[in-house]
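Welcome! Please take a moment with the sequence and the 3D view below before reading on.

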Amino acid sequence: VDVVEFVPYVGLGLDGFGRMRAGATELDAATHLVLGVDYLLSRELTLGLDLRPHLVFTDLKGRPVVIALTASAIWMFDE
């Protein structure tokens with residue numbers, strides 16, 4: 001595997017969620033783990049994919065885990 005072409009990454013983070021349920025707005029605190037990989041398609045374009053399971057501290061009795069899968073296209077440019 002060429003580490004310049006494929007770049008795996010992991011991380012942890014803190015989050016805030018704003019959710020609307022039945023007309024009421026709720027703010028929730030959470031933390032997440034991120035597992036991802038970026039693929040350098042060319043010098044100008046990188047494709048990315050990451051998975052983020054979130055643990056929602058303020059909703060432990062309801063839906064404590066939210067999972068997000070994100071795909072991205074990143075265009076890089078110089079001055």
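The report below goes from the whole chain to its strands and then to a few single residues.

## The chain as a whole

Before anything else, please keep in mind that this is a predicted model. The chain contains four strands and zero helices. If you follow the sequence from start to end, you meet the pattern β-β-β-β.

How does the chain compare with a compact globule of 79 residues? Such a globule would have a radius of gyration near 12 Å, whereas the chain has 17 Å. Along the principal axes, the C-alpha atoms fill a box of roughly 45 × 25 × 20 Å.

## Surface and contacts

Of the 79 residues in the chain, 19% are buried. The accessible surface comes to about 6100 Å², and carbon and sulfur atoms account for 66% of that surface.

Contacts tell you how parts of the sequence meet. Among the contacts with a separation of 6 or more, 42% are between residues 24 or more positions apart.

## One open sheet

How are the four strands arranged? They form an open sheet in the order β1-β2-β3-β4, and the pairing is antiparallel. At the edges of the sheet are β1 (6-21) and β4 (65-75), each of which pairs on one side only. From one strand to the next, the twist averages 25°.

As a bit of background, strands of a sheet pair through backbone hydrogen bonds, in either a parallel or an antiparallel way.

## Walking across the strands

Let us start at β1. This strand pairs with β2 (residues 24-40) over 16 bridges, in the antiparallel sense. Two pairs of residues help you find the match: F6 has Y39 in β2 as its bridge partner, and R21 stands opposite A24 in β2. The hairpin of β1 and β2 has two residues between the strands, and in this hairpin A22 takes a positive phi near 50°.

The next step goes from β2 to β3 (residues 45-56). These strands run antiparallel and are joined by nine bridges. Here A30 stands opposite V56 in β3. A hairpin of four residues links β2 to β3. Moving on, β3 and β4 also run antiparallel, with 11 bridges between them. To find this pairing in the view, look for R52, which stands opposite A68 in β4.

## D28, a residue in β2

D28 has its place in strand β2. Is this residue buried or exposed? D28 is buried because its relative accessible area is 8%, and the cut-off for buried is under 20%.

What does D28 touch? Not counting residues up to four places away in sequence, D28 touches D15, G16, F17, R19, V56 and T58. With T58, there is a polar contact of 2.7 Å between the two side chains. D15 is 13 residues from D28 along the chain, and the C-alpha atoms of the two are separated by 8.3 Å.

## H54, a residue in β3

H54 is found in strand β3. With a relative accessibility of 10%, H54 counts as buried.

Which residue shares a polar contact with the side chain of H54? The partner is D15, whose side chain is joined to that of H54 by a polar contact of 3.1 Å. Leaving aside neighbours within four places in sequence, H54 is in contact with D15, F17, T31, H32, P64, V65, V66 and A68. You may recognise D15 and F17 from the list for D28, which touches both.

## S72, a residue in β4

The last stop is S72, which lies in strand β4. S72 counts as partly exposed because its relative accessibility is 31%; this class covers values between the 20% limit for buried and the 50% limit for exposed.

Where along the chain do the contacts of S72 fall? Apart from neighbours within four places in sequence, S72 is in contact with T46, L47 and G48. T46 is 26 residues from S72 along the chain, and their C-alpha atoms are separated by 8.2 Å.

Conventions: Residues numbered from 1 in each chain as written. Predicted model: local features only at pLDDT ≥ 70, side-chain atom pairs only at ≥ 80, totals over all residues. Heavy atoms only, no water. Pairing = 2+ DSSP bridges. Axes fitted to C-alpha atoms, helices over the stretch in contact; angles between N-to-C directions. Buried < 20%, exposed > 50% of the residue type's maximum accessible area, 1.4 Å probe, protein only. Contact = heavy atoms within 4.5 Å. Rg over C-alpha atoms; globule rule 2.2 N^0.38 Å. Areas by Shrake-Rupley, 256 points an atom, 1.4 Å probe, with all protein chains shown as cover. Polar contact = N/O pair within 3.5 Å; in protein donor to acceptor, adjacent residues only side chain to side chain.
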